[in-house]
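Student: Could we go through this structure together? I keep meeting terms and I'd like to know what makes each one fit.

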Amino acid sequence: QVQLQESGPGLVKPSQTLSLTCTVSGDSITTNSMYWGWFRQPPGKGLEWMGFMRYDGMTRYSPSLKSRTSIYRDTSKNQFSLQLNSVTSEDTAVYYCARELFNCGYNYWGQGTQVTVSS
């Protein structure tokens with residue numbers, strides 16, 4: 001069974017960098033045709049797609065976040081990570097990692113982790 005688990009600090013100060021890691025079990029992040037994405041949901045708002053890393057390491061980001069976002073991976077640990085720079089209170093949200101089989105939608109999700117940006 002595929003499982004994803006987010007981890008990282010729950011509190012980040014404004015202007016600092018938010019870093020989260022998604023640990024995957026039951027599948028390899030290099031499995032052909034798999035996409036590994038990051039999403040977030042601010043309080044009272046809908047789910048927002050942030051970006052993904054494809055099985056071969058290719059990345060794509062939301063245009064609104066592209067200048068501040070990086071997704072990278074550690075294949076030896078079967079993990080992929082999110083880095084969001086220069087955070088503000090607007091980045092306070094529950095952050096999720098998820099897996100998509102190409103063109104089939106994201107069908108496996110982590111439980112989500114709350115990140116609050118506050119001094």
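Student: What makes one face of strand β11 covered and the other uncovered, and which residues are on each?

Tutor: Keep in mind that this is a predicted model. Strand β11 covers residues 113-117; T113, V115 and V117 make up its covered face, while Q114 and T116 make up the uncovered one.

Student: How do you know that β2 and β11 are paired?

Tutor: Pairing takes at least two bridges between two strands. Strand β2 (residues 11-12) is joined to β11 by 2 bridges, so the pair qualifies, and the two run parallel. In that pairing, L11 stands opposite T116.

Student: And what joins β9 to β11?

Tutor: Here you get 3 bridges, and the strands run antiparallel. Strand β9 spans residues 93-101, and its Y95 sits opposite T113.

Student: Why is the link of C22 and C97 called a disulfide?

Tutor: The cut-off is 2.5 Å between two cysteine sulfur atoms. In this pair the S to S distance is 2.1 Å, so the name fits. By that rule, the count is 1 disulfide.

Student: What makes it a link of distant parts of the chain?

Tutor: C22 is in strand β3 (residues 18-25) and C97 is in strand β9, 75 residues apart. Both C22 and C97 are buried.

Student: Why is C104 in no disulfide?

Tutor: Check the distance again: the nearest cysteine sulfur belongs to C97 and is 19 Å away. The limit is 2.5 Å, so C104 doesn't qualify.

Student: Is C104 buried or exposed?

Tutor: Exposed means over 50% relative accessible area. C104 has 55%, so it counts as exposed.

Student: Now salt bridges. Why is the contact of E48 and R40 called one?

Tutor: You need a side-chain nitrogen of Lys or Arg within 4 Å of a carboxyl oxygen of Asp or Glu. For E48 and R40 the N to O distance is 2.7 Å, so they pass. The structure holds 6 salt bridges.

Student: What makes R40 buried and E48 partly exposed?

Tutor: Buried means under 20%, and partly exposed runs from there up to 50%. R40 has a relative accessible area of 6%, so it is buried. E48 is at 23%, so it lands in the partly exposed class.

Student: How do you know that E90 and K45 form a salt bridge?

Tutor: Their closest N and O atoms are 4.0 Å apart, and the rule asks for within 4 Å. The pair is counted as a salt bridge. It links distant parts of the chain: E90 is in the loop between β8 (79-84) and β9, K45 in the loop between β4 (34-41) and β5 (48-54), 45 residues apart. E90 is exposed at 53% relative accessible area, whereas K45 is partly exposed at 48%.

Student: What about D91 and R68?

Tutor: Their side chains meet at 2.9 Å, N to O, so that's a salt bridge too. D91 lies in the loop between β8 and β9, and R68 in the loop between β6 (59-61) and β7 (69-74), 23 residues apart. With a relative accessible area of 1%, D91 is buried. Salt bridges that share partners tie R40, E48, R68 and D91 into one network.

Student: How do you know that β3 pairs with β1 and with β8?

Tutor: Count the bridges against the minimum of two. Strand β1 (residues 3-7) and β3 have 5 bridges, antiparallel, with Q3 partnered by S25. β3 and β8 have 6, also antiparallel, and L18 is partnered by L84 in β8.

Student: Which residues touch the most other members of the largest nonpolar core?

Tutor: Those are L4, L18, W38, F80, L82 and Y95, out of 25 residues. β3, β4, β5, β8, β9 and β11 each supply at least two, and β3 gives the most, with 4 residues. In soluble globular proteins, nonpolar side chains tend to be buried together.

Student: Last one: what makes S15 stand out?

Tutor: S15 has a positive phi of about 80° although it is not a glycine. You'll find S15 in the loop between β2 and β3. Its relative accessible area is 58%, over the 50% mark, so S15 is exposed.

Terms used: Residues numbered from 1 in each chain as written. Predicted model: local features only at pLDDT ≥ 70, side-chain atom pairs only at ≥ 80, totals over all residues. Heavy atoms only, no water. Buried < 20%, exposed > 50% of the residue type's maximum accessible area, 1.4 Å probe, protein only. Core = buried A, V, L, I, M, F, W, Y, C linked by side-chain atoms within 4.5 Å.
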